[in-house]
Structure formats: C-alpha cells, structure tokens
Amino acid sequence: MPDPTISDVLRARRLQSAHLSPTPLLSYPALDSTVGAGIRVLVKHENLQPTGALKVRGGVTLLAAMDPAERARGVLSYSTGNHAQSLAHAAALFHVPCTIVMPKDPNPLKAAAVRRLGAELVEHGADFEEARRHAEQLAPLRGMRLVSAANEPDLIAGVATAFLEVFEQEPDLDAIIVPVGGGSGAAAACLVAAAISPRCRVIAVQSRHSPAAHDSWRSGRCVERPNTTAAEGLATGSGFELTQRLFRQHLADFQLVGDDDIRWAQWLFMRDARTVAEAAAAAPLAALLAARDGLAGQRVAIMCTGGNAGEAELRAALSAAPSGG
C-alpha cells in the first residue's frame with residue numbers, strides 16, 4: 001500500500017473541516033515544575049475531540065474519502081476502544097453500516113459509546129490479536145470493507161492533521177512524544193515532522209508489557225510479542241507494516257515504560273493539568289519523565305491522545321497518588 005504524503009494530510013484537513021475543530025496545545029506551570037530540567041511541556045488536548053480521542057480524525061477522513069458504493073458495503077474493524085469509537089462516529093455521520101469487534105469484557109465506557117453511536121459491537125477473543133483475527137474472517141463473510149487498525153493510509157493522514165496543528169501552534173518544538181499501539185499516531189507525527197519541521201525529534205512510547213511495535217522498529221521487521229499491558233490503547237501484540245515503514249523514515253527514538261509509570265503519569269495529569277488522560281494518553285508524560293535529562297531545556301509536546309478512562313482505570317491512577325498528594 002502507498003505511504004501517505006503531506007498532500008494527503010492537507011486533503012484530510014479539508015475533508016474533516018465540516019466535522020471536527022482544532023484542539024488546543026496548552027502549557028501548565030505545575031507540570032513544567034514537576035518535569036523539571038528546564039523543559040517547557042506543551043500538552044496537545046486530543047481528549048477534547050467529540051469521541052474523547054485523537055483517532056476520530058482518522059475515521060472521519062477514511063469515510064469521507066470513500067465512494068458511495070464502498071460506503072454502502074459498510075465497514076468492519078477491530079479495536080480495544082478509541083479506533084472503534086472513531087469509526088462508529090464517522091459511520092453515523094455518513095450513514096454507513098458499521099461493525100466493530102472488541103475483545104471480551106471491553107472498557108464499558110468505550111463499548112457503550114460504540115453502541116450509542118449505532119454500530120454493532122461483537123465481543124470476541126481474550127485480546128486485541130484474537131479480535132483482529134475474528135474481524136479478518138468476519139468481514140468477507142458479511143461483504144463489508146475491513147478497516148485495519150493501522151495499515152490504512154487515510155487513517156494516518158487523518159490523524160496527521162493533529163500534528164499540523166501542533167506545528168502551527170508551536171513551530172519551534174524540539175521534540176514531540178506520541179504513544180503507540182498500532183502506531184498510526186506516531187507514524188502521522190513522523191510524516192508531518194519530516195515535511196514541515198525536520199529538526200523536531202519524534203519519540204514514540206509503548207508499554208514494556210506490550211512491546212511489539214517497539215521491538216519491530218528495533219529489529220527492522222514486524223514481530224509478535226506478548227501483549228499484557230493494562231493500557232488498552234497500547235495493547236497490541238504485533239507490528240503493522242505501514243506504520244513501521246513510516247517509523248523507519250523519521251522516528252528518532254522509541255521508549256518503553258512500565259504500567260506503574262503510566263499510572264503515575266495519569267495522576268500527574270490530574271494533579272498538575274486538571275486533565276483526565278486514559279492510560280495510553282499518559283504514556284508520553286511517563287516517557288518524558290524517564291528521558292528528561294536528555295531533553296533538558298527543550299520545548300517538548302506530549303500528545304494527550306484520549307480521555308476515555310473507565311472507573312477501574314481511574315481508581316488505579318488515583319491509587320498511585322502519594323498520601324496527602
């Protein structure tokens with residue numbers, strides 16, 4: 001499949017314009033103080049999207065670009081949550097039949113949102129990979145268009161509009177940190193940075209409990225790895241060819257953080273930025289804390305990619321808070 005280009009990103013912004021608004025890039029003195037090392041931290045608030053997550057940009061772009069015959073077939077995909085909501089939201093906008101396969105016992109907040117948007121939700125398998133395989137079998141049986149969670153140029157171009165906004169709002173960034181599950185967000189950051197701000201380092205982050213994308217990038221080929229993180233948006237067990245190809249062109253670094261580090265970062269988001277960040281969205285802050293010595297004195301954007309944290313996840317994050325904190 002072809003790599004998306006910066007022209008595709010500009011086209012995606014035009015396709016989105018009637019349906020989505022830009023999100024803010026904000027700084028918080030308390031967060032700067034917590035991170036330390038003279039780093040200016042800027043938070044891109046994709047948690048303020050209609051679905052509460054960055055991925056809606058990809059879903060809207062993908063369905064807006066489809067011809068009427070393809071829309072009539074409907075779309076079928078697999079997800080742990082935010083990609084599901086993205087497609088369900090876009091399908092409702094464009095009156096397209098939509099089916100989503102999620103692992104059994106999904107995040108109830110995300111599952112309810114998918115159903116509320118009118119999509120059919122199929123629960124199958126213990127994890128992302130089992131849901132993925134079921135979706136790949138189900139789509140041809142139903143005659144629906146299978147939408148990959150990451151190997152979709154239009155999804156990446158759509159998500160990349162967020163990074164156009166980042167560089168328009170802050171042209172002199174030194175680095176941007178992006179969480180990775182399938183990798184569409186970090187691939188989009190690589191695409192935009194390479195085109196308009198090549199001096200800016202793109203840093204990816206994944207949980208060390210689900211390191212497939214990280215290990216795929218390190219090895220130069222897509223590999224499978226155990227997938228046990230509690231961070232739903234990072235919970236993938238294999239690399240995706242398209243996103244990995246874009247990583248190899250411009251990604252500066254790829255870090256792994258622990259789930260405990262992510263829960264601590266979620267708490268810091270709540271305390272210092274008054275922001276509810278789901279686990280995947282807190283991973284960039286966890287990575288920044290781990291790498292701050294190497295980023296001292298720099299301007300660093302972190303992508304708060306979603307705010308769809310369930311009750312159990314929020315309780316776990318609050319349990320990370322120090323007594324009296």
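**Exercise 1. Determine whether the faces of strand S3 (residues 75–78) are covered, and by which residues this is shown.**

Solution. Val75 and Ser77 lie on one side of S3, Leu76 and Tyr78 on the other, and all four are buried (under 20% relative accessible area with a 1.4 Å probe, protein chains only). Both faces of the strand are therefore covered. Strands here are DSSP runs of E with at least two residues and helices are runs of H or I with at least four, numbered from the N terminus. The model is predicted: local features need pLDDT of at least 70 and side-chain atom pairs pLDDT 80 or more, while totals for chains, interfaces and linings use all residues. Residues are numbered from 1 along each chain as its sequence is written, and side-chain values use heavy atoms, without hydrogens and water.

**Exercise 2. Identify the bridge partners of Leu76 in S4 and S6.**

Solution. Step one: S3 pairs with strand S4 (residues 98–102) in the parallel sense over four bridges, pairing requiring at least two DSSP bridges between two strands. In S4, Leu76 is bridged to Thr99. The chain reaches S4 from S3 through helix H5 (residues 82–94), in a right-handed β-α-β crossover (clockwise from the first strand over the helix to the second, with the strands pointing away from the viewer). Step two: three bridges join S3 to strand S6 (residues 145–147), also in parallel, and there Leu146 is the partner of Leu76.

**Exercise 3. Describe how H5 packs on helix H6 (residues 108–116).**

Solution. The axes, lines fitted to C-alpha atoms over the stretch in contact, are 9 Å apart at an angle of about 15°, on a scale from 0 to 180 degrees between N-to-C directions. H5 is therefore roughly parallel to H6 (angles under 35 degrees). The crossing is left-handed, the near helix being turned anticlockwise from the far one by less than a right angle. In contact (heavy atoms within 4.5 Å) are Asn82, Ala84, Gln85 and Ala88 of H5 with Lys110, Ala113 and Val114 of H6.

**Exercise 4. Give the strand order of the six-stranded open sheet and locate its edges.**

Solution. The order is S1-S2-S10-S7-S8-S9, with mixed pairing. Strands S1 (25–27) and S9 (251–257) each have a single partner strand, so one side of each lacks a neighbour in the sheet. Neighbouring strands are turned by 25° against each other on average, direction ignored. Within this order, S7 (residues 175–179) and S8 (residues 201–207) pair in the parallel sense over five bridges, and Ile176 has Val202 as its bridge partner in S8.

Notes. Buried means under 20% relative accessible area, exposed over 50%, partly exposed in between (1.4 Å probe, protein chains only). Angles under 35 degrees count as roughly parallel, over 145 as roughly antiparallel, 65 to 115 as roughly perpendicular and the rest as oblique.
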